[in-house]
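Visitor: Please take a close look at one part of this model, and then set it beside other places in the backbone that deserve attention.

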Amino acid sequence: MNQTIVKKKIGRSFILLLKIVVAVIMFSPIIWVFSGSFKGINEFTTSSNIIPAKATLENFAYIFKNSNYLVYVRNTVLLMAGTTAGTLLSSALVAYPLARMNFTGKNVIFAIIVGTMMIPNIALIIPQYIMFGKIGWLDSLLPMIVPAFFAYPYNVFLFRQFFRSIPKELDEAATIDGCSKIGVFFKVLVPLSKPTFVTIGVLSCVFWWNELTQPVFYINSDQWRTLTIALMTTFMYTAGNAFVINWPSIMAASTLMIIPPMLLYLFGSKFLVEGIKTSGLKG
Amino acid sequence: MNEVNEQTSVRKKQLRNNLTAYAFCAPWMIGFVFFTLFPIGFMFAVSLTNRKLNGISDFIGFANYRNLLQSETFWNSFQVTIFFTIIMMIVTTIWAVIMAMLLNYKQKLNGIFQFCYFLPSVIPTVALAYAFRTIFGKEAGLLNAIITSISGKNANVNWLYDSHTVYFAVFFITLFTYNTGQMMLTFRSGLNDVPRELYEACDIDGASAFRKFRNVTLPMISPIVLFNSVMGCISALNGSFALLYPLTGESGDPNGMTQVLSLLIYKEAFSNMKVGYACALSVVLFLIACMFGIGIFAVSKRMVYYEN
């Protein structure tokens, strides 16, 4: 009897040890970025110690002094706000009849929506680039914000699944009370699915905060740079020497970009974790 | 007379109903036509021209496709794309299952563990790429330092630029992407939903831990595995650009070993300014995505267990 208890204890500690090892592996890049942002450039290129020998804030000062950092923040916030507002409004509207109404062609529409979810964005970005160039939208945030107002298939899909979980009797009661379809949508479904809006909104913000591909294709000038492109280009080289990569400044800029998602996890993990979980489960 | 009236009123009602539904769907329909359908057609059209970045173009028939089929760079890129997508799908899925099973084993501090496991997946891939460019770096890189201190020998490997180690390095980095974190969370709840009685039955039969996993856990979570592999596939095709562009550059160093098609498209369009050719490459990428989609659904029909 005693032996099985000992065996169990050893098993438990072994699993705990594994957990710690995985945690160290997964968190090491973040620690590395944080520590690197406080190192001087000489220390960064010669030492791989985690604790900086001489911690300095000059990298953060460098970023704010040598780039239009606040402009990049403004652009990223504009991008996040525009796309999120657009996709919440349009995707919810489109999802409503798919979840709640019977109409001719419903299955066809739904099949196309699921099908377009499978097309990677990057395959269509060159023709879209030419298109947006023709209407003069290049080098602005418009190629990313405007399409958001025309419903992303993936978000439509998520809204549909959420709407279907709301009891249909509520719609019927509202209809008997004289509500139109639009009334049902705004007075019944929207108030009941506030958490859904928050969840999809959070996911959309996280996505656009981290998005690199589309800004790289569409944006050229400094005045519309987002934080992700700035991280790739602006802080790359030390002033006066184009061949030395200014790693500590890149690490400092990365630190600033990691902090918001981190705070979001710490204070809004309910929305972030639950949202990502449900968006992955709605198969 | 009355009956006919009733019929027309039913029909009228249905028509109104349909029109309301279409009105709600209008944003998507407009978006679908302008941002998906039209670009697809336009992409085929431009791929038949020698369009340059400055807009000058002539119709050249299938010359782009002929050049592409004869190009070594293209075939390399084609193979890298398929290799990268499939291996990334497998590696990240396995890693996500391992993390989910560890986290589902009830112990103290699980909240902190989940924080550590999950946070990397919601930070920008650029930040991740730069972190790993320095961690895997030759001088003052973290990995070389760790190996040196463990083995006592001086490790001096340039992990991302050495053709022997680059794939190890790149696939290791994919463990930190959004897709892995999302899969981990979904597997966690999927694993929680597996009925306890099934495990108890196994215990009575004296089944080993591996057999329990193979015969109970895996079939029960297979629908989630399917959904996640579809999403993983798209995100591998789509997200490889955001990860590899800051990591190994548009040429996919070393020697194009990591040059997936999206990087080649970017390079041809913006560095070589051959937009027509880039469109032909996009067509190929589009077809690859379609093939992966069809393939996954074909496999799923045979292998996935659905409760209902």
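**The loop around Pro254(B)**

Guide: Pro254(B) sits in the loop of chain B that runs between helix H10 (209-248) and helix H11 (261-271). The model is a predicted one. Within this loop, the peptide bond joining Asp253(B) and Pro254(B) is cis, with omega at about -10°.

The next residue to consider is Asn255(B), which is also placed in the loop between H10 and H11 of chain B. Asn255(B) is not a glycine, yet its phi is positive, at about 55°. As for its surroundings, Asn255(B) counts as exposed because it has 12 C-beta neighbours inside 10 Å, and a residue with 12 or fewer is classed that way.

A positive phi also occurs in chain A, at Ala151(A), where the value is near 65°; this residue, too, is something other than glycine. Ala151(A) lies in the loop between helix H7 (142-148) and helix H8 (153-164) of chain A. Its setting is a buried one: Ala151(A) has 29 C-beta neighbours inside 10 Å, and the class of buried residues begins at 20. So Ala151(A) counts as buried, whereas Asn255(B) counts as exposed.

For the wider context of chain A, the chain is divided into domain 1 (2-59) and domain 2 (67-234). The C-alpha centres of these two domains of chain A are 38 Å apart.

To return to the part requested: the loop between H10 and H11 of chain B holds Pro254(B), whose peptide bond with Asp253(B) is cis, and Asn255(B), with its positive phi.

Technical notes:
Residues are numbered from 1 along each chain as its sequence is written. Chains are lettered from A and ligands numbered from 1 in the order in which they are written. This is a predicted model: local features need pLDDT of at least 70, side-chain atom pairs count only at pLDDT 80 or more; totals for chains, interfaces and linings use all residues. Helices (H or I, at least four residues) and strands (E, at least two) are DSSP runs, numbered from the N terminus. Domain bounds come from an automatic or database domain assignment.
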